[in-house]
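Please find below my comments on the structure, set out as numbered points. They are intended to be read alongside the sequence and the coordinates.

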Amino acid sequence: MRRSVLFTVEDLERALAKSDYVTVKPATVEDFFDYDKFLRMFYRKLPQQINQNHVFSCGSMEDAQGCELGSDFKISLLRSFREADKAAAVIPQKCRKRNWWTALPERNHANEAEASLKRVDDLKEMCGDPDKLTVVKPPGLNPYKVVEMWSNFRPLVPLDKKDDVLYREPTVEEWAVVKKEKKLNKEKKVEVKKMKRETMETEDEVVGDDSRKAKKPRTTDSSVPNAV
């Protein structure tokens, strides 16, 4: 692999497939689903709380007798392992949204308890529903990488590889985005240089040019006799 010169994804797949210990399964657009959107129908957003409480764990919800409550589960939050934080009360929180089961009107569940018992089967069935679990739209290469691949790398690619999608010509919109970004960066550099120059001029006025130009007095070594 390290001695191989690869120009396309297909080249990479062929190189990997040469190993007896590797099975290459090329991914397709249909392999990526929007689980984020799907799970938001049922579960709360937790990142903000987890950022504040870096130590957390998940487990089943239990009642006072230690019995599990249906198929629900909890998340326990802790800021750190310091004794002061350990002593603080850690309140387990439900991960599921309040009234989450109302997001399934077609299931005709009478109440949350009934919905909880059938939740696993409902989720499995809904995963096969293209209206519930949709395919993620491919983001593709960002405009800057597209321009870089076209301008810097395509001239070095063999003739039979130049038509690969990795080296396609940028669209008008992609060129415009990159040119705008370069212009902003250039203006920002000019502004930074201007600020530095103004700062140095201000220091010169406060301190004075003579102090900047002042030289250290010349010293002589008394142990060395003066030349006659």
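**Notes on the predicted model**

1. Apart from its neighbours within four places in sequence, Asp11 is in contact with Leu6 and Lys161. The model in which these contacts appear is a predicted one. Asp11 belongs to helix 1, which spans residues 9-17. Its relative accessibility is 10%, and Asp11 therefore counts as buried, the cut-off being under 20%.

2. The overall architecture may be stated briefly. The chain contains nine helices and three strands, and their order along the sequence is α-α-α-β-β-α-β-α-α-α-α-α. Of the 228 residues in the chain, 18% are buried. The accessible surface amounts to about 18,800 Å², and carbon and sulfur atoms account for 55% of that surface. When contacts between residues at least 6 apart in sequence are considered, 48% of them join residues at least 24 apart.

3. The largest nonpolar core consists of 11 residues. Its aromatic members are Phe38, Phe42, Tyr43, Trp100 and Trp101, and the remainder are Cys95, Leu104, Ala115, Leu123, Met126 and Leu133. In soluble globular proteins, nonpolar side chains tend to be buried together. One member of this core, Ala115, contacts Trp100, Trp101 and His109 when neighbours within four places in sequence are left aside.

4. Helix 6, comprising residues 119-127, merits separate comment. Its residues Arg119, Asp122, Leu123 and Met126 are buried. Viewed down the helix axis, the buried residues of helix 6 fall within an arc of 100 degrees, so they line one face of the helix. The face turned away from this buried side carries Asp121, Lys124 and Glu125, which are exposed. Two of the buried residues, Leu123 and Met126, are also among the members of the largest nonpolar core.

5. What surrounds Asp122, beyond its neighbours within four places in sequence? This residue of helix 6 is in contact with Leu104, Arg107 and His109. Asp122 has a relative accessible area of 8%, and because the limit for burial is 20%, Asp122 is classed as buried. Of the residues that Asp122 contacts, Leu104 is listed in the largest nonpolar core, while His109 is also in contact with Ala115.

6. Asn111 is placed in the loop between strand 3 (93-94) and helix 5 (112-117). With a relative accessible area of 36%, Asn111 is partly exposed. Asn111 and Asn99 are separated by 12 residues in sequence, and their C-alpha atoms are 9.3 Å apart.

7. A nonpolar patch is present on the surface, formed by Leu6, Leu12, Leu16, Tyr21 and Val22, with a joint accessible area of about 480 Å². Val22 is situated in the loop between helix 1 and helix 2 (35-39) and is partly exposed, at 36% relative accessible area. Leu6 therefore links two of these points: this residue belongs to the patch and is in contact with Asp11, which counts as buried.

8. Pro143 is located in helix 7, residues 143-153. Pro143 has a relative accessible area of 23% and is partly exposed. Pro143 and Thr171 lie 28 residues apart in sequence, with a C-alpha to C-alpha distance of 8.8 Å. Once residues up to four places away in sequence are discounted, Pro143 touches Glu174, Val177 and Val178.

Notes:
Residues numbered from 1 in each chain as written. Predicted model: local features only at pLDDT ≥ 70, side-chain atom pairs only at ≥ 80, totals over all residues. Heavy atoms only, no water. Helix = DSSP H or I, 4+ residues; strand = E, 2+ residues; numbered from the N terminus. Buried < 20%, exposed > 50% of the residue type's maximum accessible area, 1.4 Å probe, protein only. Contact = heavy atoms within 4.5 Å. Arc of directions from axis to C-beta. Patch = residues over 30% accessible without salt bridge, like charges linked within 9 Å, V, L, I, M, F, W, Y side chains within 5 Å. Areas by Shrake-Rupley, 256 points an atom, 1.4 Å probe, with all protein chains shown as cover. Salt bridge = Lys/Arg side-chain N within 4 Å of Asp/Glu carboxyl O. Core = buried A, V, L, I, M, F, W, Y, C linked by side-chain atoms within 4.5 Å.
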